[in-house]
Amino acid sequence: MRIASWNVNSIRARQDRLLRWLEKQRPDALCLQELKVEDEAFPFDALREAGYHAVAHGQRTYNGVAILARDPAVDIVAGIPGFDDEQKRVLAATVGNVRVIDVYVPNGQTVGSDKFEYKLRWFAALREYVTGELARHPYVVVLGDFNVAPEDRDVHDPKAWEGSVHVSPPERAALQALQGVGLVDCFRLFEQPEKTFSWWDYRMMAFRRNAGLRIDLILASAALAQKCGGCHIDKAPRKLERPSDHTPVVASFDI
DNA sequence: ATGGCTACGATCCGTAGA
């Protein structure tokens with residue numbers, strides 16, 4: 001089973017790119033973030049024609065997440081149960097025998113801002129939620145745009161980024177705490193090329209300079225991580241016209 | 001130089017992303 005994540009930065013702006021990528025890669029499941037569209041305008045029909053059932057949890061202008069799967073996903077839960085949040089950032093569903101939790105972690109804007117505090121509160125709520133899900137399901141994957149680069153090797157210029165949002169100690173501690181409940185970063189189970197990133201700023205020719213961050217992650221429960229046969233970042237879509245600033249991450253599991 | 005792109009919803013600029 002192959003499971004992927006992609007922050008598409010508007011599904012309306014990226015619909016053709018998305019359909020082409022699905023046609024070429026044919027993952028069993030794909031988690032999307034930053035749909036920026038209400039569910040009424042989500043392209044369910046076009047995706048169905050492409051062979052994917054979709055579950056969406058969308059919102060106008062900002063946020064929005066969806067899970068696409070070749071076989072219909074079941075037991076759908078939107079948001080973090082018990083955590084009051086107007087922003088649509090989390091969607092869970094079971095695909096085959098895997099509990100899939102699609103997340104779009106808050107950006108945080110600047111260290112110490114209200115949005116930063118919200119990001120940390122949000123991480124704590126996600127950790128509680130995931131703890132419960134791990135107790136219920138042996139195969140759990142938490143994947144999406146985490147808006148945190150786990151280590152300095154996930155940052156093109158750690159000196160320039162030191163202390164900034166996405167790399168600051170409190171954010172990395174929050175991500176560590178989440179992983180501490182029993183999640184493994186699939187990407188780091190394997191040898192990877194140096195300076196592999198998943199996001200590049202649109203400005204300053206950042207992609208051409210490979211001035212990026214690895215902030216899109218696929219985190220698997222211990223039992224699922226044992227079945228992971230590979231994980232890679234697919235840079236191809238970032239090279240095309242009018243790309244998302246993020247590019248897909250794909251993991252394969254021998255299940 | 002805190003800029004630089006991109007998408008969106010509201011216009012012809014402001015907000016947000018990362």
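Helices (H or I, at least four residues) and strands (E, at least two) are DSSP runs, numbered from the N terminus. The structure described here is a predicted model, in which local features need pLDDT of at least 70, side-chain atom pairs count only at pLDDT 80 or more, and totals for chains, interfaces and linings use all residues. Residues are numbered from 1 along each chain as its sequence is written, while chains are lettered from A and ligands numbered from 1 in the order in which they are written.

**Surface near the DNA**

A residue is near a strand if its C-beta atom, placed from the backbone, lies within 6 Å of it. Around DNA strand B there are 22 residues, of which Ser10, Arg12, Asn107, Tyr202 and Arg203 come nearest. This surface is made up of six nonpolar, eight polar and eight charged residues. Here Ala, Val, Leu, Ile, Met, Phe, Trp, Tyr, Cys and Pro count as nonpolar, Asp, Glu, Lys and Arg as charged, and the others, Gly among them, as polar.

**Burial and the nonpolar core**

A residue is buried if 20 or more other C-beta atoms lie within 10 Å of its own, exposed if 12 or fewer, and partly exposed in between, with C-beta atoms placed from the backbone. A nonpolar core is a set of buried Ala, Val, Leu, Ile, Met, Phe, Trp, Tyr and Cys residues joined through C-beta atoms within 7 Å. The largest such core has 76 residues, and Ala66, Ile67, Val100, Val141 and Ile218 touch the most other members. Two residues are in contact if their C-beta atoms, placed from the backbone, lie within 7 Å. Leaving aside residues up to four places away in sequence, Ala66 touches Leu32, Leu35, Phe42, Ala54, Val55, Ala56, His57 and Leu91.

**Two helices**

Helix α1 covers residues 11–25 and spans only 18 Å between its end C-alpha atoms, whereas a straight helix of 15 residues would span 21 Å at 1.5 Å a residue. The expected span is 1.5 Å times one less than the number of residues. A kink of about 35 degrees in α1 is centred on Arg17; the bend at a residue is the angle between axes fitted to the seven residues ending there and the seven starting there. Ile11, Arg14, Leu18 and Trp21 are buried in α1, and their cover includes β2 (29–33). Just after this helix, Arg26 takes a positive phi of about 45 degrees.

In helix α3, 23 residues should span 33 Å at 1.5 Å a residue, and the end C-alpha atoms are 34 Å apart, which agrees. Its buried residues include Lys119, Trp122 and Phe123. The buried residues of α3 pack against β7, β8 (140–145) and α5 (169–180).

**Three individual residues**

Asp75 lies in strand β5 (residues 74–78). Val111 is found in the loop between β7 (98–104) and α3 (114–136), and Arg89 in the loop between β5 and β6 (90–95). Their surroundings are set out below.

| Residue | C-beta neighbours within 10 Å | Class |
|---|---|---|
| Asp75 | 10 C-beta atoms | exposed |
| Val111 | 16 C-beta atoms | partly exposed |
| Arg89 | 26 C-beta atoms | buried |

Not counting residues up to four places away in sequence, Asp75 touches Ala93 and Thr94. Asp75 and Ala93 are 18 residues apart in sequence, with 5.4 Å between their C-alpha atoms. On the same basis, Arg89 touches Asn63, Val65, Val103 and Tyr104. The contacts of Val111, again without residues up to four places away in sequence, are Phe116, Gly163, Ser164, Val165 and Ser168.
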